[in-house]
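Let's walk through this structure together, starting from one side chain and working outwards. Keep the view open as you read, and turn it as each part comes up.

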Amino acid sequence: MAPPLHPLRRTTGTSGPSRRSLLAGVAALGALGAAGCSRVPTASTTDGGDLLERLRAAGVVRLGIAGEIPFGYIDKDGELTGEAPELAKVIFKRLGVDRVQPVPTEFGSLIPGLNSQQFDVVAAGMYVNPERCEQVIFSDPDYQMLDSFIVRKGNPLGLRDYADVVAKKAKFATGTGYAEIAYAVEAGYKESDILIVPDQVAGLNAVEAGRVDVFAGTALTTREVVKKSSKAEATEPFKPLVDGKPHVDGGAFAFRPTETKLRDAFNVELAKLKKSGELLRILKPFGFTEDEMTDLTAKELCGG
């Protein structure tokens, strides 16, 4: 989810401003119920759950999306699209479920909505991290993501990573709830000095106007947003440091903890798409490249 990728999908923790707060969204869930979104039955808690069988019988799977380009959103024609929904269409078709139905909500409401039966699967490019792994189970990632900066043309301050931002005393911005906030703070940047903007478009505007020297986002969203800019460019992707070690984020689908059968069946089909190269074909229209393909596992990102 960097788009906005409000991407950026994607904070490192379970709480944070708006989009990325996993504690937010109680009101949004109520609104979903008021709108008549029927709840799915409670899954069996034995033998990995029976949701896959019930989805096959119903012929439709409900996808929780957060309205984030390029991860999962409704386009100008009113159609569901994005890297996660398009991938879901292919995989669930192979699993015997012909249709996908979007259930839009805010990003922070996705995990609460999943666990309260508002939808069957989170299809929003959600980053896998240990905090979230305590609440849901993830498929293996369908993409990986490095960070990148938006800087003025020529990168006059020579900013290549967060350490450079600190060393050069650069004016730094990133998005609301972005994981990049924590990465900058770990590098030594004072959190209160960070300019928080809504998304990467606002970040580009801030750099072009000279209000900041650098905006941090995902490699995908920064390279996409600067394509038409004559004043700014994206830096080479890099790995931020987490606990002093280079870190790569990965985005995946989330399932209720009881539904291991569905998650495992999903992973089998995902692995086939990776091996055949079809996964890149599905994700490429949304700005993903070979650099975003990954063999990372959910187990690795969940902390073992």
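A good place to begin is E269, which is buried, with a relative accessible area of 11%. Please bear in mind from here on that this is a predicted model. E269 takes part in a salt bridge with K272, where the closest N and O atoms are 3.4 Å apart. Why can these two side chains be looked at as neighbours along one helix? Both belong to helix 10 (residues 260-276), and because they are three residues apart, about one helical turn separates them. The two partners differ in their surroundings: E269 counts as buried because its 11% relative accessible area falls under the 20% limit, whereas K272 is partly exposed, at 45%.

A similar spacing turns up in helix 11 (residues 278-283), where R281 and E278 are three residues apart and so lie about one helical turn from each other. The closest N and O atoms of this salt bridge are 2.8 Å apart. R281 is exposed, with a relative accessible area of 52%. Through shared salt-bridge partners, R94, E269, K272, E278 and R281 are joined into one network.

Helix 3 (residues 83-94) offers another pair, E86 and K89, again three residues apart, or about one turn of the helix. Their side chains meet in a salt bridge with an N to O distance of 3.0 Å. Both are partly exposed: E86 has a relative accessible area of 21%, and K89 has one of 31%. In total, the structure holds twelve salt bridges.

Now turn to the interior. The largest nonpolar core has 39 residues, and those touching the most other members are L63, F92, F253 and L262. Take F92 as a way in: leaving aside residues up to four places away in sequence, F92 touches L55, V61, L63, V97, V121, L262 and F266. Another core, of 19 residues, lies apart from the largest one, and its members include A66, M126, V128 and A252.

Helix 8 (residues 200-208) is worth a closer look. At its start, a side-chain oxygen of D199 comes to within 3.0 Å of the backbone nitrogen of V201. The buried residues of this helix are Q200, A202, G203, L204, A206 and V207. Which elements cover them? Among them are strand 8 (147-152), strand 10 (195-197), strand 11 (214-218), strand 12 (232-234) and helix 9 (219-225). After helix 8 comes G210, with a positive phi near 80°.

Stepping back to the whole chain, the secondary structure consists of twelve helices and 15 strands. Of the 304 residues, 55% count as buried. The accessible surface comes to about 12700 Å², and carbon and sulfur atoms account for 53% of that area.

Finally, how much confidence does the predictor place in what you see? The mean pLDDT of the protein chain is 87, with 85% of its residues reaching 70 or more. Over residues 1-8, however, the pLDDT is below 50, although the model gives this stretch 62 contacts beyond near neighbours in sequence. Residues 12-44 also stay under 50, and there the model has 97 contacts beyond four places in sequence. Where pLDDT is low, the predicted coordinates should not be read in detail.

Definitions and conventions
Residues numbered from 1 in each chain as written. Heavy atoms only, no water. Helix = DSSP H or I, 4+ residues; strand = E, 2+ residues; numbered from the N terminus. Buried < 20%, exposed > 50% of the residue type's maximum accessible area, 1.4 Å probe, protein only. Areas by Shrake-Rupley, 256 points an atom, 1.4 Å probe, with all protein chains shown as cover. Core = buried A, V, L, I, M, F, W, Y, C linked by side-chain atoms within 4.5 Å. Contact = heavy atoms within 4.5 Å. Polar contact = N/O pair within 3.5 Å; in protein donor to acceptor, adjacent residues only side chain to side chain. Salt bridge = Lys/Arg side-chain N within 4 Å of Asp/Glu carboxyl O. pLDDT = per-residue confidence, 0-100.
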